[in-house]
Structures are given as C-alpha cells and as structure tokens.
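Colleague: I should be grateful for a close look at a single part of this model, namely its aromatic pairs and the elements around them.

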Amino acid sequence: MQPYSLHDGPGIRTVIFMKGCPLRCPWCSNPESQKRQPEVYLDDTKCIRSFGCDLCDGICSWQALKAGSLNHALCTACGSCTDVCPAKAIGIYGEKKGAGEILDRVERESVFYAHGQGGMTLSGGEPFLQGAFALELLREAKKRRIHTAVETCGYCDAENFKRSGGISGLHFLRYQMYGFRKTRSLYWAGEYIDIGKCVDAVPGISLAP
C-alpha cells in the first residue's frame with residue numbers, strides 16, 4: 001500500500017499493489033509483484049553482516065537463509081527471519097488483508113482525496129488476476145464514496161473486466177506490445193472486446209530505454 005501517490009490517477013491517491021501477474025515483461029516496474037504468493041527478500045545494500053552482525057544465522061528452520069544468503073527454492077515465506085534484522089534488510093513482499101481492513105486504511109487518507117478527485121488505485125501485478133477480490137474492493141470503495149481507478153494490462157478474465165466497468169471510476173490500460181488490434185479493441189483467449197463499451201479507459205504505453 002502506497003499513500004500520497006501523485007502518478008496513479010487524478011488527485012492524491014492511495015495505491016494498493018496486488019500480487020500476481022500473468023506476464024513477465026522485461027521492463028516491469030514492480031517485478032516483486034509478479035508472483036501471487038508472498039516472497040521474502042534480502043536487500044544486500046542494507047545488510048550489516050560485514051560489520052559483524054550474524055543475528056539471522058540459524059533462524060530459518062528450513063535452512064533457506066545461510067551466511068547472509070537467501071535460497072528462494074527453500075524459503076516458505078513464514079516470516080520468522082524478518083523480525084531479527086536490525087537493519088531491516090530482510091522483509092516480505094505481500095501480505096494477506098481483507099477488503100474491509102484495506103479500505104479502513106485507505107479512508108485514513110481521505111482528507112487528501114477531496115481536492116482533484118483523489119482516491120484509491122488498484123495496481124500490481126495485475127489486479128484482475130485476483131478478480132473477485134478486486135471487485136470486492138471496488139464495490140466497498142464505492143459504498144464509502146471513494147473514487148477508484150484500476151491499472152491493468154488487460155490480460156485477465158474478460159467478465160471481471162466487464163463487471164468492473166460499472167464500479168470503478170477509471171481504468172488505465174497499459175499497452176504491453178501484444179494482445180491488441182486496432183484502436184481500443186483488446187484480445188482475451190479468442191474473444192475481442194471493445195474496451196470503450198466496457199469501461200472508461202485511458203491507454204498507456206510502457207517506455208523502456
């Protein structure tokens with residue numbers, strides 16, 4: 001969750017990054033969100049092992065963390081290692097939250113939303129990979145009169161995309177160099193949908209150097 005975002009929709013917004021994406025774009029700006037399950041990370045730039053710290057040694061019962069090195073193949077993302085690091089070099093990408101809990105946190109920032117049609121943006125990852133939950137968040141936000149936006153690559157279940165059109169205030173469609181025909185038609189597993197008839201969509205193109 002990222003409060004006070006200025007680049008993910010109109011006004012000041014709180015961005016909810018949802019885990020999981022069906023694509024593996026080389027230019028992905030949030031690669032930690034590609035896998036759906038939570039992931040432990042080790043930030044070598046923060047690690048103070050070179051200064052004699054060894055607090056994480058032996059803490060992992062699965063032997064995934066040894067001598068300052070993390071073996072993702074053995075890691076179960078139990079989180080037992082994240083609390084022992086004084087430098088905060090070990091953490092977890094992703095946490096399980098209910099819709100009500102998320103919206104309660106979003107509402108704490110509501111004082112900032114009044115100017116410029118701010119609100120909540122679902123991003124990721126691909127939000128509609130967790131389609132039912134994304135729709136639940138959008139419906140609950142609408143009940144609470146919070147403006148919503150969705151950042152999507154469009155590579156998702158067509159029905160969830162269609163349903164969101166009557167709930168979310170705005171969609172940002174990220175053009176990923178495939179899946180498109182002319183203008184605003186998008187391709188899902190053999191079905192072409194006119195985006196303009198489903199949602200209020202703003203197309204965007206990823207620029208990679």
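To begin with, is Phe-112 buried, partly exposed or exposed?

Modeller: The model is a predicted one. In it, Phe-112 has a relative accessible area of 35% and is therefore partly exposed.

The ring of Phe-112 is best considered together with its partner. A search of the whole structure finds 2 aromatic pairs. One of these is formed by Tyr-4 and Phe-112, in an edge-to-face arrangement with 5.8 Å centre to centre and 90° between the planes. Tyr-4 belongs to strand 1 (residues 2–5), whereas Phe-112 sits in the loop between helix 1 (99–107) and strand 7 (119–124), so the pair ties together parts that are 108 residues apart in sequence. Tyr-4 is likewise classed as partly exposed, because its relative accessibility is 49%, and the limit above which a residue counts as exposed is 50%.

The other pair consists of Tyr-41 and Tyr-93, whose rings are stacked, with 4.3 Å centre to centre and 25° between the planes. Here the partners come from two strands: Tyr-41 from strand 3 (residues 39–42) and Tyr-93 from strand 6 (residues 90–93), so this pair ties together parts that are 52 residues apart in sequence. Tyr-41 counts as partly exposed at 24% relative accessibility, and Tyr-93 counts as partly exposed at 34%.

The elements around the first-mentioned pair may now be described. Strand 1, which holds Tyr-4, pairs with strand 2 in the antiparallel sense over 2 bridges. Ser-5 has Arg-13 of strand 2 as its bridge partner. Strand 2 in turn pairs with strand 7 in the parallel sense, over 6 bridges, and Thr-14 stands opposite Met-120 of strand 7. Strand 2 is mostly covered, with 5 of its 6 residues buried.

On the other side of the loop that holds Phe-112 is helix 1. The buried residues of this helix are Ala-99, Ile-102, Leu-103 and Val-106. Viewed down the helix axis, these buried residues fall within an arc of 95°, so they line one face of helix 1. Their cover includes strand 2 (13–18), strand 7 and helix 2 (131–143).

Taken together, strand 2 pairs with strand 1, pairs with strand 7 and is also among the elements that cover the buried residues of helix 1. The loop between helix 1 and strand 7 contributes Phe-112, and strand 1 contributes Tyr-4, to the edge-to-face pair.

How values were computed. Residues numbered from 1 in each chain as written. Predicted model: local features only at pLDDT ≥ 70, side-chain atom pairs only at ≥ 80, totals over all residues. Heavy atoms only, no water. Phe/Tyr/Trp six-rings, centres within 6.5 Å; stacked < 30°, edge-to-face > 60°. Helix = DSSP H or I, 4+ residues; strand = E, 2+ residues; numbered from the N terminus. Buried < 20%, exposed > 50% of the residue type's maximum accessible area, 1.4 Å probe, protein only. Arc of directions from axis to C-beta. Contact = heavy atoms within 4.5 Å. Pairing = 2+ DSSP bridges.
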